[in-house]
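Please open the structure below in a viewer, with secondary structure displayed. A short tour then proceeds from one selection to the next.

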Amino acid sequence: MLQTTALLTDHYELTMVRAALGSGTAFRRSVFELFARRLPEGRRYGVVAGTGRVLDALENFRFDEETIAFLREHDVVNDDLATWLADYRFSGDIWGYPDGELYFPGSPIMVVEGSFAEACILETLLLSIYNYDSAVASAASRMTAMAGHRPCIEMGSRRTNEWAAVAAARAAYIAGFASSSNLEAGRLYGVPTAGTAAHSFTLLHDTEEDAFRSQLAALGNDTTLLVDTYDVTAAVTLGVELTQGRLGAVRLDSGDLLTLAGDVRRLLDSLGAVNTKIIVTSDLDEYQIAALRATPVNGYGVGTSLVTGSGAPTCGFVYKLVSRAESDQAEAPLLPVAKKSTNKTSIGGRKFALRRVSPSGIAEAEVIGIGAAPRGDSNDRPLLQHLVSGGEIIGREPLSAARERHASARAQLPSEAFKMSKGYPAILTTVLDAEGEQTFNPYAPQG
């Protein structure tokens, strides 16, 4: 793993700071906001993941001698910028949606306040973490929602970059996956890990019986046998015989899973292995998991679709300057600034957010306040947490807290949120001005 995260950024972050230093505007107090203008097409809600990883990355965002030497060699920095970077420590404040929280169009997922220079250069780092982790968590949440009480196992490490695989396992666990195949995710984040054997293990042995005996001897009768290398019926029968009906589970990784799961369940029951579970894999996504709900399946292993966001590999988050000081004076008031480009409109001004919840506990709206926190009642809940105060990280929490938060937040959604058909966000975004009145809302559904 890299010792510094400072170069996990784009070249233009530093050229902007270099130019701002030259013009004398680099240290104007500024507020940046990370948000999505819309959800991926057809999605009803999104899931925030990556907040904890952002805090870790921020702590390691340091420009050591080797890093600065590289930047000098390639003329990315001049002497003034190199001197400033050598002492760089983010000294501002950050508020954000915590891991596991839901988001909607316009949600101010992260608000960064500091000098222009120190906040500007965090853009790419923050976006690269949030856009990927939240895409995976959003897909994972749809999958676990469709799976219901049946566990989902993350097994996508071989389908993505090696470090993205670790981030994906963390994000999936936040969104309800029971375990991961990735051992580094277990070491770094405490994600439970699981795994047994692949087809190559069966093919290694002279017979399938030799392979099964070897696995059972090493892992015990509670293990999961992969039964579709040759003939499924013969393999299931063999596994039951070798364990006297006490086999933990069988895994199906090919074929017509809808039909095969029912056939295998009937076979297991006929052999007296009524407690043996059926785990299915083979390029599953949320739609296939939903289709398998009526079958006697006990768990799902998901790989490619999960780590690629199941058709939405990025959330489309952007990081925009929304306020900046009138002048370089320390107490200069903040002015709202906004982009007006077609289809890329942003709203100027510092944002606050709450989730409006009905008396019966159902989420009704994402309420965004400009310049002032929107008023809520006893059911509503503020969404932004103070993560960094004066440069000090104060928002760390155990992964279990994020997992519990996600389960609680998702349970508040109306039933329409869990339709797999395309549609509008499950709750709409409302934008209020500083007086609490509804104002211009670029996040309202179009059409």
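The tour covers two regions of strand pairing in this predicted model.

**First stop: the open sheet**

Begin by selecting β14, β15, β16 and β19. These four strands form an open sheet with mixed pairing, arranged in the order β16-β14-β15-β19. At its edges lie β16, residues 381-382, and β19, residues 428-432, each of which pairs on one side only.

Next, restrict the selection to residues 351-357, which make up strand β14, together with β16. The two strands are antiparallel and are joined over two bridges. Which residue of β16 is the bridge partner of arginine 355? Display the side chains here: the partner is arginine 381.

**Second stop: strand β11 and its neighbours**

Now move to residues 299-302, strand β11, which is covered on both faces. Gly299 and Gly301 are buried on one side, and Tyr300 and Val302 are buried on the other.

Add residues 152-154, strand β6, to the view; β6 pairs with β11 in the parallel sense over three bridges. Within this pairing, valine 302 of β11 has glutamate 154 opposite.

Then select residues 277-280, strand β10, which also runs parallel to β11, the two being paired over two bridges. Here tyrosine 300 of β11 stands opposite valine 280.

**Last stop: the crossover**

Keep β10 and β11 in view and add helix α13, residues 286-291. What do these three elements make? Together, β10, α13 and β11 constitute a β-α-β unit, and its hand is right-handed.

Technical notes. Residues numbered from 1 in each chain as written. Predicted model: local features only at pLDDT ≥ 70, side-chain atom pairs only at ≥ 80, totals over all residues. Heavy atoms only, no water. Pairing = 2+ DSSP bridges. Buried < 20%, exposed > 50% of the residue type's maximum accessible area, 1.4 Å probe, protein only. Right-handed = clockwise from strand over helix to strand, strands pointing away.
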